[in-house]
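Please open the structure in a viewer and keep the selection tool at hand. The stops below follow one another, and each begins with a selection to make.

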Amino acid sequence: STQIYQNEESLCIYKNISMSRSELKPTEKPKATATPIPAGISKVIMSNPSTVLASAAIARTLTISDQHATILLTSGCEPPTKNVATDAKETLVEPTRSLLKLTLVPFHKASLSKNPQEQELLENNPKDDAKKSDMLDKAEKEQEHTGRILKFLDMFEWRLTSESGAEYSYYEAFRKKQEEPHKQGAEEHSSPKAKRARVMDNTSLEEATSIEESEIAAKWSAFKVELISPASSRQIGRAMPSPGVVMITETPALYQKVVQPLIDGIIKRGALSWIENVVTGRKEAERLLHDAEGWILNIDTKWRTHPDALTVPRSEWEHHESVADLYCLGIIKSPEGGTAPATLRDLTLAHLPTLREMLSVGPQVIQRIYGVKSNQLRIYVHYQPQFYHFHVHFTRLENEIGCQVERGHLLSDIIQNLEMSALFYKQRTITYKLSLKEKLCKLMLAELEKEDDLNKVDEHETKEQSKIIAVVS
């Protein structure tokens, strides 16, 4: 990254900057544009898409589909500096990594695809790019990929819609206005490129009057963005394509040895303070649907097609076209002077009244606001959960995100199990799937391997004792 930053040609490739190399100083970074902050947002986020993109030296598409793309952005290392007064040794500022999660229409997929299509290279440089594409080494391919991503993202402006007060914030991306038509010559004004620009600037998908206009408008329509900055190694790991998965059989003993200490460490270092901000209403208040004594119901951030909670009146949410993607989250409040249950392992009889209320009142709130009946909802809990503060998922039956049989537990079943035994989940062996890249999976496999080695030793000692007994007899 340092070499890239000090190399003008490489930086131009990474940033796709529309200026000559002579205009760009070796350590000059493009200026970030301000991101508008809407009413209701408590403070300006230091990291926003504009500032993150302005400092990005490397961009990689981690995953992509017709609807979603996840991009990893790594800032360039600042060039080494020396304190002249003290003649101190040179220091290097470590790069910052951020995640951009985009909700897209299929037309954007080619622009963000992991591997540049040969046709795109030919269009950029028809004389020699076909040959050059076969000769590019890994670094050059990464530069090409980075340049395409940043050039695409630079076409948009970003409007903040919600922030959690932690590293998470949410935006809507709008295409930047193009050059005004009156500044163009007559020939340029009538060109296909100019016509396309006018349609993109002035026509929404609903206003299109021809197939051509609808295709152009759809290609450049606004989309939702989730920014995680700075992103931790765990967050990046979750976003990476999975290297593989395994089934884990977690006994109560294994939970006490491995899972409980992991959860305790996460809570102790304050990694869940952001969820307390949400539960208490200090953050994401615009996403709050219901606030009860022991729990709240929120719009889950996975519901990316939801109407803008800051600008669209709630009266228009009922039967909105996005309810097909309905995804809400019920979160238990921490008791005064205590902590909320981390997972279903922590549930006891004391939690039953709150769980029953979530099961009965949650669907009523959803039907009142969105017009979706209770028999169209799936209400369940994850084990293992995404974060260790007990929460319940409310989704449409058509929405199958995260409801796999090895992960989902219906809230109605959880209530019945606790009614049968207050220790049901403390004593139960639970089987679930984990990705090989997760820390918990590595800890689990290491402990299971250790137990397997001990079992082999025990078997060997048992056989030796049996031989001794047989000889004595």
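**Strand 3 and its partners**

The model is predicted. Begin by selecting strand 3 and strand 6, which pair in the antiparallel sense over five bridges. For one position in this pairing, pick out Thr103, which stands opposite Lys224 in strand 6. Next add strand 2 (residues 68-75), which runs antiparallel to strand 3 and is joined to it by seven bridges. Here Leu73 has Ser98 of strand 3 as its bridge partner.

With these strands displayed, colour strand 3 (residues 97-103) by accessibility. How many of its seven residues are buried? Five are, and the strand is mostly covered.

**The largest cavity**

Keep Lys224 selected, and add Thr161, Tyr170, Arg287 and Arg304: these five lie nearest the centre of the largest cavity, which is lined by 17 residues. The space within this cavity is about 240 Å³. Which elements give two or more residues to its lining? They are strand 4 (156-163), strand 5 (168-175) and strand 6 (223-228). Strand 6 gives the most, with three residues. Colouring the lining by class shows seven nonpolar, four polar and six charged residues.

Lys224 also belongs to a further selection. Show Arg159, Glu172, Lys224 and Asp308 together. A search of the whole structure finds 15 salt bridges, and salt bridges that share partners join these four residues into one network.

**The second largest cavity**

A search of the whole structure finds three cavities of 30 Å³ or more. For the second largest, select Ala342, Thr343, Leu344, Val381, His382, Pro385, Phe390, His391 and His393, which line it. It holds about 40 Å³ of space. Strand 11 (377-382) and strand 12 (391-396) each supply at least two residues of this lining. By class, the lining comprises five nonpolar and four polar residues, with no charged ones.

**Strand 9 between its neighbours**

Now select strand 9 (residues 295-299). Five of its five residues are buried, so the strand is largely enclosed by the rest of the structure. Show the side chains: Trp295, Leu297 and Ile299 point one way, whereas Ile296 and Asn298 point the other way, and all are buried.

Add strand 8, which runs antiparallel to strand 9 and is joined to it by three bridges. Follow the backbone from strand 8 to strand 9 through the three residues of the hairpin that joins them. Within this pairing, Leu288 stands opposite Asn298 of strand 9.

Then add strand 10, which pairs with strand 9 in the antiparallel sense over five bridges. Ile299 has Cys328 of strand 10 as its bridge partner.

Pause at Cys328. This cysteine is buried, at 0% relative accessibility. Cys441, a further cysteine to select, is likewise buried at 0%. A disulfide is a covalent bond between the sulfur atoms of two cysteines. How many disulfides are found in the model? The count comes to zero.

**Three salt bridges to inspect**

Side chains of opposite charge can pair when their charged atoms come close. For the pairs below, display the side chains and locate the nitrogen and oxygen atoms.

Start with Lys333 and Asp291, whose side chains meet in a salt bridge at 2.7 Å, N to O. Lys333 lies in the loop between strand 10 and helix 14, and Asp291 lies in strand 8 (residues 288-291), so the pair ties together parts that are 42 residues apart in sequence. Lys333 counts as partly exposed because its relative accessibility is 22%. Asp291 is also partly exposed, with a relative accessible area of 47%.

Continue with Glu250 and Arg345, which form a salt bridge through their side chains at 2.9 Å, N to O. Where does each partner sit? Glu250 is in strand 7 (residues 245-250), and Arg345 is in the loop between strand 10 (327-332) and helix 14 (352-370). The two are 95 residues apart, and the pair links distant parts of the chain. Are these partners buried or exposed? Glu250 is buried at 0% relative accessibility, and Arg345 is buried with a relative accessible area of 2%.

Finish with Arg396 and Glu398, where the side chains meet in a salt bridge at 3.5 Å, N to O. Arg396 has a relative accessible area of 13%, and it therefore counts as buried.

Terms used. Residues numbered from 1 in each chain as written. Predicted model: local features only at pLDDT ≥ 70, side-chain atom pairs only at ≥ 80, totals over all residues. Heavy atoms only, no water. Helix = DSSP H or I, 4+ residues; strand = E, 2+ residues; numbered from the N terminus. Buried < 20%, exposed > 50% of the residue type's maximum accessible area, 1.4 Å probe, protein only. Disulfide = S-S within 2.5 Å. 1 Å grid on protein atoms, 1.4 Å probe; cavity = no way out; pocket = protein on both sides within 12 Å on 5 of 7 lines; lining within 4 Å. Points joined across faces, edges and corners; volume = space filled by probe spheres on them. Nonpolar A, V, L, I, M, F, W, Y, C, P; charged D, E, K, R; others polar. Pairing = 2+ DSSP bridges.
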